[in-house]
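Here is a quick tour of one model, written for someone who would rather be at the bench. Have a look at the structure, then read on.

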Amino acid sequence: LEKELEVYRELPAQTLDGHRLILRGNVELAREVPAVLAHGGAGVGLFRSEFLFLNPGQAPGEDEQFEIYRELAQKMIPEPVTIRTLDVGGDKFVPEINLSEEDNPAMGLRGVRFSLKEHNLLMTQLRAILRASSFGEVRVMFPMISGVDEIRACKDLLRQACAQLDERNQSYDADIKIGIMIETPSAALIADLLAPEVDFFSVGTNDLIQYCLAVDRGNEHVAYLYEPLHPAILRALKMIGDAGRKADIEVGMCGEMAGEPVYALILLGLGFNELSMNAACIPRMKRIIRQVRRQDGEELLAQLLDLPRARDVSRFVEEEMARRF
Ligand code: PEP
Ligand code: MG
């Protein structure tokens, strides 16, 4: 099968009725980049920058981060690279950063909440990202946004980082695209208010499912409740997709759900136009997308939204997929 899938590398992820999706790779370490290219990924849709901070005693400074981001951007030309700012806390441990003990870290100082408190780390990272943006198409994305104030504060710091580079006469892309992860229930519920603030959304289903369903993503005792096809998740995704399209911004997904072929039709129906996934998943998703029409996805979705349980949705989808493939 792997050999058979190779033909998809050069082909666009285009439906039979002519809708183009963009499939990109998720990257944690720079050495995963060749796999994105080898599997025909259109750039990197999620660079999890916290992985740069994993070696104790070696937190990368501005120049070091800049070199890493620049190399990444250059390797992906002409496709873009979306760098997510540091997402620590919750289930993400970074040895360099002493987070205070919290009773409930998943709901604590994590993602952008941490970055907005520790300005210096974020400013260093933003300068490095901005400098890299003059060497390829770089985008910046903020994790764990739960309200409009946070994204405004992030954009404010980004402007300050630009001003600092201006003072140093260092170049950057002044039109750098700014996006946010939609991974909290509040962000999903106010997607229409967040959309005008940014150039793109990327849905982090790993966290969105955890928070919407109140199911710890790493807790085996409640793993049976972690259901991507729960009606609440489908409705949340629909709200996000609708809000993004209405504001005419790009709506992507970079959680694990984006790379699962059984969800391909649903994601098409929801109107997601960028899916970012583990590189190895790209060819299979492309193969499915090239064999269906977006309208098929829309029709399927319409039949799913009123089903009461994840298992009802899942049975319906599996039957539809079995009928088609
Ligand atoms: C997500 O939450 O879906 C996501 C992509 O981010 P992470 O898995 O790094 O939290
Ligand atoms: Mg997340």
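## Starting at Arg48

Let's begin with Arg48, which is in contact with Glu28, Arg84 and Asp87 once its neighbours within four places in sequence are left aside. Keep in mind that this is a predicted model. Arg48 sits in strand S3. Is it buried or exposed? Arg48 counts as partly exposed because it has 17 C-beta neighbours inside 10 Å, and the buried class starts at 20.

UniProt, in an unreviewed entry, puts the feature "binding site" at Arg48, along with Arg84, Asn206, Asp207 and Arg217. So one of the contacts of Arg48, namely Arg84, is on that list too.

## Around ligand 1

What surrounds ligand 1? The shell is made up of Leu46, Arg48, Asp87, Glu183, Gly204, Thr205, Asn206, Asp207, Cys254 and Gly255. Two elements give two or more residues each: strand S3 (44-48) and helix H9 (205-213). H9 gives the most, with three residues.

Sorted by class, the shell holds four charged and four polar residues, plus two nonpolar ones. Arg48, Asn206 and Asp207 turn up both in this shell and in the UniProt "binding site" record.

## Arg217, in a loop

Arg217, another position in the UniProt record, lies in the loop between H9 and helix H10 (231-246). Its contacts, not counting residues up to four places away in sequence, are Asp91, Asn206, Gln210 and Tyr226. Asn206 is also part of the shell around ligand 1.

Why does Arg217 count as partly exposed? Because 18 other C-beta atoms lie within 10 Å of Arg217, while a buried residue would need 20 or more.

## Where H3 meets H5

Now for a pair of helices. The axes of H3 (residues 62-76) and H5 (residues 119-132) come within 8 Å, crossing at roughly 35 degrees. The crossing is right-handed.

On the H3 side, the contact is made by Glu62, Gln65, Phe66, Tyr69, Arg70 and Ala73. H5 brings Thr124, Gln125, Arg127, Ala128, Ile129, Arg131 and Ala132. By class, that comes to six nonpolar, four charged and three polar residues.

## Out at Arg323

Last stop: Arg323, in helix H14 (residues 310-324). Arg323 counts as exposed because it has 7 C-beta neighbours inside 10 Å, and 12 or fewer is enough for that class. Arg323 and Ala13 are 310 residues apart in sequence, with their C-alpha atoms 21 Å apart in space.

Key:
Residues are numbered from 1 along each chain as its sequence is written. Chains are lettered from A and ligands numbered from 1 in the order in which they are written. This is a predicted model: local features need pLDDT of at least 70, side-chain atom pairs count only at pLDDT 80 or more; totals for chains, interfaces and linings use all residues. A residue is near a molecule or strand if its C-beta atom, placed from the backbone, lies within 6 Å of it. Helices (H or I, at least four residues) and strands (E, at least two) are DSSP runs, numbered from the N terminus. Ala, Val, Leu, Ile, Met, Phe, Trp, Tyr, Cys and Pro count as nonpolar, Asp, Glu, Lys and Arg as charged, and the others, Gly among them, as polar. Axes are lines fitted to C-alpha atoms, for helices over the stretch in contact, and angles run from 0 to 180 degrees between N-to-C directions. A crossing is left-handed if the near helix is turned anticlockwise from the far one by less than a right angle, and right-handed if clockwise. Two residues are in contact if their C-beta atoms, placed from the backbone, lie within 7 Å. UniProt positions are given in the numbering used here, feature names are shortened, and annotations may be inferred rather than shown by experiment.
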